[in-house]
Amino acid sequence: MSSWLQSIFTSPILNPDTDTTNFINYFDTKYSNEHPNFLTGSYQLAVEKAFQQSKLLIVYMHSPLHVDSDEFCNKIICSASFIEYTNSNFLFWAGSMSDMEAYSLSIQLKTTSFPFLTVFMCQSKNAVQIADRFNGTITGAEATDEGTVIDRLNLILEAYTVIIDRGVSEVESR
């Protein structure tokens, strides 16, 4: 069997646990170990945790090849106010476009540009609703101003907290 053909059949299978751990290590090395608490494990596990904890889920898709990724990571994701705000109010999952699970998710979400953040309301362990998406629309001053991003996230949080609280109340009343 040729080495090329053999590499196809022996290539590593999808391993979200390893992929997210590797991404976090990459992020820590390239940018900073001061960032939101990135969840480890698969995207599906992140959805389950967000549903169980009645929290919105932020998903960040990282493209190491995109020209705006470094500035976005350094000035937004690693900023103290962004870290404090997101850790207090959301769960946060991140993946790299070089990893199969994140890449597949980006296709499902029709990601067309970066930086890319999506905020999900997790309706069950398997179902999500997109609350908002930042699909390369963070430009100019917004791209370097964590306050603008936090303000937008706060609007999402205010709008969806009512829905999440109502769902929690319904479950508790059963």
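Helices (H or I, at least four residues) and strands (E, at least two) are taken as DSSP runs and numbered from the N terminus. The legends below describe a predicted model.

**Figure 1. Overall arrangement of the predicted protein, with 7 helices and 4 strands.** Along the sequence, these elements follow the pattern α-α-α-β-α-α-β-α-β-β-α. Of the 174 residues in the protein, 43% are buried. Among contacts with a separation of 6 or more, 67% are made by residues 24 or more positions apart.

**Figure 2. The open sheet, formed by 4 strands in the order 2-1-3-4.** The pairing within the sheet is mixed. Strand 2 and strand 4 (128-135) are the edge strands, each pairing on one side only. From one strand to the next, the twist averages 20 degrees.

**Figure 3. Strand 1 and its two pairings, with strand 2 and with strand 3.** Strands of a sheet pair through backbone hydrogen bonds, in either a parallel or an antiparallel manner. Strand 1 and strand 2 run parallel and are joined by 7 bridges; within this pairing, Ile58 has Phe92 of strand 2 as its bridge partner. Strand 1 (residues 56-62) and strand 3 (residues 116-122) run antiparallel, and 5 bridges connect them. Here Val59 stands opposite Thr118 of strand 3.

**Figure 4. Burial of the edge strand 2, with both of its faces covered.** All of strand 2 is enclosed by this criterion, since 7 of its 7 residues are buried, where buried means under 20% relative accessible area. One side of strand 2 presents Phe90, Phe92, Ala94 and Ser96, and the other presents Leu91, Trp93 and Gly95.

**Figure 5. Helices lying across the sheet strands: helix 4 and helix 6.** Helix 4 (residues 69-77) lies across strand 1 and strand 3, and runs at about 145 degrees to strand 1. Helix 6 lies across strand 1 and strand 2, where the angle to strand 2 is about 105 degrees.

**Figure 6. The largest cavity, holding about 30 Å³ of space.** Rolling a probe the size of a water molecule over the atoms shows where empty space is left. A search of the whole structure finds 1 cavity of 30 Å³ or more. The lining of the largest cavity consists of Asp19, Thr20, Trp93, Ala94, Gly95, Ser96, Asp99, Glu101 and Ala102. Helix 2 (16-30), strand 2 (90-96) and helix 6 (100-108) are the elements that give two or more residues to this lining. The most comes from strand 2, which gives 4 residues. By character, the lining residues divide into 3 nonpolar, 3 polar and 3 charged.

**Figure 7. Backbone features in the loop between helix 6 and strand 3, at Lys110 and Pro115.** Lys110 has a positive phi near 55 degrees, although this residue is not a glycine. With a relative accessible area of 62%, Lys110 is exposed. Pro115, in the same loop between helix 6 and strand 3, is joined to Phe114 by a cis peptide bond with omega of about 0 degrees.

**Figure 8. Ser54 in the loop between helix 3 (43-52) and strand 1.** Ser54 is not a glycine, yet its phi is positive, at about 55 degrees. The relative accessibility of Ser54 is 32%, so this residue counts as partly exposed.

Key: Residues numbered from 1 in each chain as written. Predicted model: local features only at pLDDT ≥ 70, side-chain atom pairs only at ≥ 80, totals over all residues. Heavy atoms only, no water. 1 Å grid on protein atoms, 1.4 Å probe; cavity = no way out; pocket = protein on both sides within 12 Å on 5 of 7 lines; lining within 4 Å. Points joined across faces, edges and corners; volume = space filled by probe spheres on them. Nonpolar A, V, L, I, M, F, W, Y, C, P; charged D, E, K, R; others polar. Pairing = 2+ DSSP bridges. Axes fitted to C-alpha atoms, helices over the stretch in contact; angles between N-to-C directions. Contact = heavy atoms within 4.5 Å. Buried < 20%, exposed > 50% of the residue type's maximum accessible area, 1.4 Å probe, protein only.
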